[in-house]
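Please read this briefing alongside the sequence and the model, taking one topic at a time. It begins with a single residue and then turns to its surroundings.

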Amino acid sequence: MSDFTKLVQDEAVLLGHTVRAEWTKIWRRGFGRAGLVIAAAHGVLVFLVMFGIYAVGRWGPFKAQGAEEFDIFDGLQAGEWTLFSLFLPVMGIVLMAVIGELYGGEYAQRTYSLLMIRPVPRWKIFVSKFIAAYGYVLLVMLVATLIATVLGLAAFGGSREMGMGDPLLTGMAEPPGFGARLGQLCVTFLALAYTMLPILAITAMMAIITRSTALTVTYVIILMVIDGGVWLTFPWVTQALEYEIFEQIKPYTILASRLFWWEYFFNMEPMPLKELISESWKALLLALGYSAAAIGAAIAVFTVQDVE
Amino acid sequence: MSDETALQTVGLTKSYDGKEVVRDLSLEILPGDIYGFLGPNGAGKTTTIRMVLGLIRKDAGTVRIFGSDRPHESRRALGGIVETPALYPYLTGRDNLKVLGAYSGGVDDKVIDKTLETVRMTKRADELVKTYSLGMKQRMGIAQALMTDPKIMILDEPTNGLDPAGMREVRELIRELNTEHKLTVFVSSHLLGEVSQLCNRVGIIQNGELVAQGPVQELLSPEGAMEVKLEVDDVETATFVVEKLEWASSVGQAPTGEMLLRLTEDRCAELNQQLVESGVGVRALIPQRMTLEDFFIEVTGSTGEQIE
């Protein structure tokens, strides 16, 4: 075995140990159970909202003509709604609190000194926490999506004609169907997975700078509101003042990396495949760019700061 | 000298807000020492320990562990606790050791069992740390420091807040670590009695500066000389006998009337023999040893109120 292979193997073993240690902390602290319960509740809530719309359309007082055919939902759509519509505003805040506590809580408990006298560089402590935290985020997303999907499938059945195919996976060649819809759900999951990455990274950075969970959540929410504000508020400003800088900023916001997918899925005239692939790469790179910047800044502060 | 030292600091300096709290501090701890780091509260002991453990950055100076000043290389040789050990309260004692051991590359369950046995915590190891008394936390703090199989154990005020029985237990544990586990121990304290019972060498710090350092016996009796109080039935003859001795000298009279002599401890028996052979009845020969407290007050100019 070469020295390099041995080094990589040793590092992988160490990383395995440290990530598992952080994972233990997340679960024993109660975050694991709490996150899963909230995720499950979130999945059920999304399903109930959809079922409410379905029920009103089919049996309600405002029943449309031919309401027996009111089959606009399918089971997989419940999973997509979970990921698209409510996950960021609801679960996002819960996850920010957990990640903030994972990084910031150790300052308050004065336990960082225990970690930092170990024979590992500080950046490895940061990375171990980050990997464990990201795994936790993915697990919570998965649970919420699965529960909504299972309930949706039970209530609405498989694919419907109105369900869109997924051009990224099918190249638009395949007609809408269960396979294409499942592909769309997977892409939605991956899109949210990488969109969560910069939010997680910024949360970790804020926790290390502020050393407080409450301040971390507050600042990250403010940042996200400003980021989203470029989309929600500034277009009005642009229109009213004929000031177009916000239009130029828009594609570079964190939200842009997410809204691209929104536009992609809900645009009834899907964009050509080539453009779609190019745009999805841009969105991915944007999310990774923000993540790398935040992680870099966090590690820079974490490695030089005085612990107590 | 540096190659022979277990732990050496050279010119260690640290300022907060422009005020130097540790100034040009050079300590030398030899292998096998139980080194007492003494000083009044606020003298700079904990700041020094934090710099040695790499928890805070030093403004100037070097820390060498067995001659090496490369922090990650040398940190494996160090184990320590800073003030009251802050363990993870939501984990059991055993899980705390597992989590912290993970950051040392992972530890075997047998090592954890042995470490728990060393600190006499086997019975309570599977209970949550938040249920532990302060003494138990101190012992668990020592246990976590042992996880890296260190060569040097650094303990900051290890008996702080403990009742007399707890203090005694920790003292015994420190002795055991030194004698049975062959660890060099660096222990900071403001309790002079504790240090004098434990340590073979001491360093005294005041206002961030080292004011004395060396073996306890050498500091308390330079060149081995000490005062002896002599109570005899014939002062005149005794004075005549003492005047003839080259290795003893009269230094006056005690307020209670006894003679005060200066000589080395190993000559006491010989002095007694000479006096008896000269027909002088010796009622008492009492060595007047300087205590660590006397020495501390002498070198620091402290009134003794600053220390306990």
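Setting aside neighbours within four places in sequence, Glu231(B) is in contact with Glu258(B), Arg283(B) and Ala284(B). The model in which these contacts are found is a predicted one, and the points below move from this residue to its sheet, then to a second sheet, to chain B as a whole, and to chain A.

**Glu231(B) and its surroundings**

- Glu231(B) belongs to strand β11 of chain B, which runs over residues 225-232, and its C-alpha atom is separated by 5.1 Å from that of Glu258(B), although the two residues are 27 residues apart along the chain.
- Is Glu231(B) buried or exposed? The answer lies in between, because a residue is buried only with 20 or more other C-beta atoms within 10 Å and exposed with 12 or fewer, and Glu231(B) has 17 such neighbours, so that it counts as partly exposed.

**The sheet of four strands in chain B**

- The strands of this open sheet follow the order β12-β13-β11-β14 (chain B), with antiparallel pairing, and its edge strands, each pairing on one side only, are β12 (249-253) and β14 (282-288) of chain B.
- Neighbouring strands here are turned against each other by 30° on average, direction ignored.
- Between β11(B) and strand β13 (residues 259-264) of chain B the antiparallel pairing extends over six bridges, and within it Glu227(B) stands opposite Arg262(B) in β13(B).
- Helix α10 of chain B, residues 268-277, packs on this sheet and touches β11, β13 and β14 of chain B, its direction making about 160° with that of β14(B).

**The sheet of six strands in chain B**

- A further open sheet has six strands in the order β6-β7-β8-β4-β9-β10 (chain B), and its pairing is mixed.
- At its edges stand β6 (78-81) and β10 (209-215) of chain B, and because each has a single partner strand, one side of each is left without a neighbour in the sheet.
- In this sheet, neighbouring strands are turned by 15° against each other on average, direction ignored.
- Strand β4 (residues 34-38) and strand β8 (residues 184-189) of chain B pair in the parallel sense over five bridges, with Phe37(B) opposite Ser188(B) in β8(B).
- Helix α5 of chain B (residues 134-146) packs on the sheet by touching β6 and β7 (152-156) of chain B, and its direction makes about 160° with that of β6(B).
- Helix α11 of chain B (residues 292-300) also packs on the sheet, where it touches β4, β9 (201-206) and β10 of chain B at about 40° to the direction of β9(B).

**Chain B as a whole**

- Chain B has 11 helices and 14 strands, and 42% of its 308 residues count as buried.
- Of the contacts in chain B with a separation of 6 or more, 70% are between residues 24 or more positions apart.

**Chain A and its contact with chain B**

- Where the chains meet, 25 residues of chain A are in contact with 26 residues of chain B, and α1(A) gives the most to the side of chain A, with eight residues.
- Helix α5 of chain A (residues 122-156) has 35 residues and should span 51 Å at 1.5 Å a residue, which agrees with the 50 Å between its end C-alpha atoms.

**Confidence in chain A**

- The mean pLDDT of chain A is 80, with the highest mean, 91, in α1(A) and the lowest, 46, in helix α6 (residues 167-170) of chain A.
- Where pLDDT is low, the predicted coordinates should not be read in detail.

Conventions: Residues numbered from 1 in each chain as written. Chains lettered and ligands numbered in written order. Predicted model: local features only at pLDDT ≥ 70, side-chain atom pairs only at ≥ 80, totals over all residues. Contact = placed C-beta atoms within 7 Å. Helix = DSSP H or I, 4+ residues; strand = E, 2+ residues; numbered from the N terminus. pLDDT = per-residue confidence, 0-100. Pairing = 2+ DSSP bridges. Axes fitted to C-alpha atoms, helices over the stretch in contact; angles between N-to-C directions. Expected span 1.5 Å × (residues − 1).
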